[in-house]
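Visitor: I am new to this structure and would like a close look at a single part of it. Could you choose one sheet with the helices around it and walk me through it slowly?

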Amino acid sequence: MRSPDRARLGSSPSGAGTFLQSDHLATAVAARLRGEPHRAIIGSLTRFDEPLDAEAMAQALTDFVRRHEELRAHYVVDESGITRVVAPPDSVEMITTVPDPDLILDDASVGEYAAQRITSLTDFDSVPAMAFGAAAGERGFTFYVGADHVHGDGYSVWLALAEIVALYRARVHGESADLPSVGKYADFIRAEAMSAGSVAADDDSVHTWRTALRAKGGVPTSPLDLGLDGGTAAVPAVRARRDLIDAADATRIDERLAGTGQTFTGCLYAAMASAQFAVTGDRLFCTTTALATRPPGHERTQGWLCNFAPICFEVDPDADFVSLIGAATDAVRHARSAAAAPVGAVLGVLAQAGELPPITGSPQMVTYIDHRRLPGVEDPTVRTTVGFPGVGKTKNANLWVSRMTDCVTVETQIPDNETARRNVGAYLDAIAEILHDFAAGAERSAQPTGSTGMTA
């Protein structure tokens, strides 16, 4: 941004944030007070097979940030609470700088470089909220975007690159991007606050959370031995990624489920539950998922427009896999219903009733996005998009599952030790085997498997 100070001085208060943002800010402020780095970022990158037009890209990014209120916001946290502050659109002008003209990046290093730049350039109180960059060569460039997690969810950073690609192409060719208008994130925040005030103890969302917490005996945690020696503190994490099945297997699964009322998403969770049983012997599958809660008019809004909900069901060792998919599909539907109520309000109701167990740290999370349904996916540049979270500390093995046009892939962050590598590797191997077998026509859940490990 040409003048962050001008944007900051022209900013005005715009209420507070959402429940998820409030929790994030509390963690971020606590880390800052301890003098520790806070690596809760989100980002994505894509590949352009054409030379970079830096002036057109700067113009496109100016258009982009002006369109999205949250990208012009920063947060002030003090003794009075949380204040969201937003800069006016006309205070934004993006320009090109070259931080290190002698730096050479290859395919193996560009992702880590992007993550480091995003971490160093963005925070909850940074202006602008999002960082952008390109590693440019003669024949093309890798472009990245990213922000502190308070400014967006994983879905938003994928939307961001699709929109930037459209705006950039329009600027290069001197055309209009013809993009739909986007709703204000402030309106979403206000709507969530109104919804929170109406959550009652007998709501379905409260029942779903109550049932899951009772079944698990607390918030969901990783069912796998992650080599933490019984400790409760988060430890340094490492990122790992692998493909589960190819597009042909995914299509065969769609064909098997057609007309049954069961879903591909249910099949994924059934495979996770069956793999958990195969690896650990635990019949109860219980995790937390993030679900988009984008109201009409906010389909492309940048911000944290999602909610958390539990997915909880049991594996019947004597039932076939088709039956387990049915149970998982039902659990996903319950989770989608529960996501209608803000999780902070739901947990507040349970706490008031004395039904909320102690919560220490973040729960185990599984997130699924079908990227074939995202805007702009028909563009070959958009199809190369890869998303990534920051790597900090963890005591879980969260999974980010993505259905791409050519495969179903999973990314995870796990504790940086051999036990976690071995056990998570065995778990992901079992998931992949179950999905492949079902695509091939198998009816039974997988049997216990050995570990092949994984490379992180």
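Guide: Gladly; what follows is a walk from the sheet to the helices on it, and then to a few residues. Please keep in mind that this is a predicted model.

Let us start with the sheet itself. Five strands make it up, in the order β10-β13-β14-β7-β12, and the sheet is open, with mixed pairing. At its edges are β10, residues 366-370, and β12, residues 393-394, each of which pairs on one side only. Strand β7 covers residues 235-246 and runs antiparallel to β12, to which two bridges join it. If you would like to find this pairing on screen, look for Pro-236, whose bridge partner in β12 is Lys-393.

Now bring in the first helix. Helix α8, residues 247-257, packs on the sheet and touches β7, β13 (398-403) and β14 (407-415). The direction of α8 makes about 70° with that of β7. At the N-terminal end of α8, Asp-246 acts as a cap, with a side-chain oxygen 3.2 Å from the backbone nitrogen of Ala-248. Just after the helix comes Gly-259, which takes a positive phi of about 80°.

Which residues of α8 are buried? They are Asp-249, Ala-250, Ile-253 and Leu-257. Viewed down the axis of α8, these buried residues fall within an arc of 100°, so they line one face of the helix. A general point helps here: an α-helix has 3.6 residues a turn, so residues three or four places apart point the same way. The cover over the buried residues of α8 includes strands β7, β13 and β14, along with helices α9, α10 (321-338) and α12 (418-439).

Helix α9 deserves its own look. Spanning residues 264-280, α9 lies across β7, β10, β13 and β14, and it runs at about 150° to β10.

Back on the sheet, let us stop at one residue of β7, Asp-243. Is Asp-243 buried, partly exposed or exposed? Its relative accessibility is 47%, so Asp-243 counts as partly exposed. Leaving aside residues up to four places away in sequence, Asp-243 touches Cys-407, Val-408 and Thr-409. With Thr-409 there is also a polar contact, side chain to side chain, at 3.2 Å. Phe-277, by contrast, is 34 residues from Asp-243 in sequence and 21 Å from it in space, C-alpha to C-alpha.

Cys-407 leads us to the cysteines. How many disulfides does the structure hold? The number is zero. Cys-267 is in no disulfide, and the nearest cysteine sulfur, which belongs to Cys-407, is 16 Å away. With a relative accessibility of 0%, Cys-267 counts as buried. Another cysteine, Cys-312, has its closest cysteine sulfur in Cys-286, 3.1 Å away. Why is there no bond between them? A disulfide needs the two sulfur atoms within 2.5 Å, so 3.1 Å is too far. Cys-312 is partly exposed, with a relative accessible area of 25%.

To retrace the path, we began with an open sheet of five strands, met α8 packed on the sheet and α9 lying across four of its strands, β7, β10, β13 and β14, and ended with the cysteines, where there are zero disulfides.

Terms used:
Residues are numbered from 1 along each chain as its sequence is written. Side-chain values use heavy atoms; hydrogens and water are left out. Two strands pair if DSSP finds at least two bridges between them. Contact means heavy atoms within 4.5 Å. Axes are lines fitted to C-alpha atoms, for helices over the stretch in contact, and angles run from 0 to 180 degrees between N-to-C directions. Buried means under 20% relative accessible area, exposed over 50%, partly exposed in between (1.4 Å probe, protein chains only). A polar contact is a pair of N or O atoms within 3.5 Å; within protein, one must be able to donate a hydrogen and the other to accept it, and residues adjacent in sequence count only if both atoms are side-chain atoms. The arc is that of the directions from the helix axis to the C-beta atoms.
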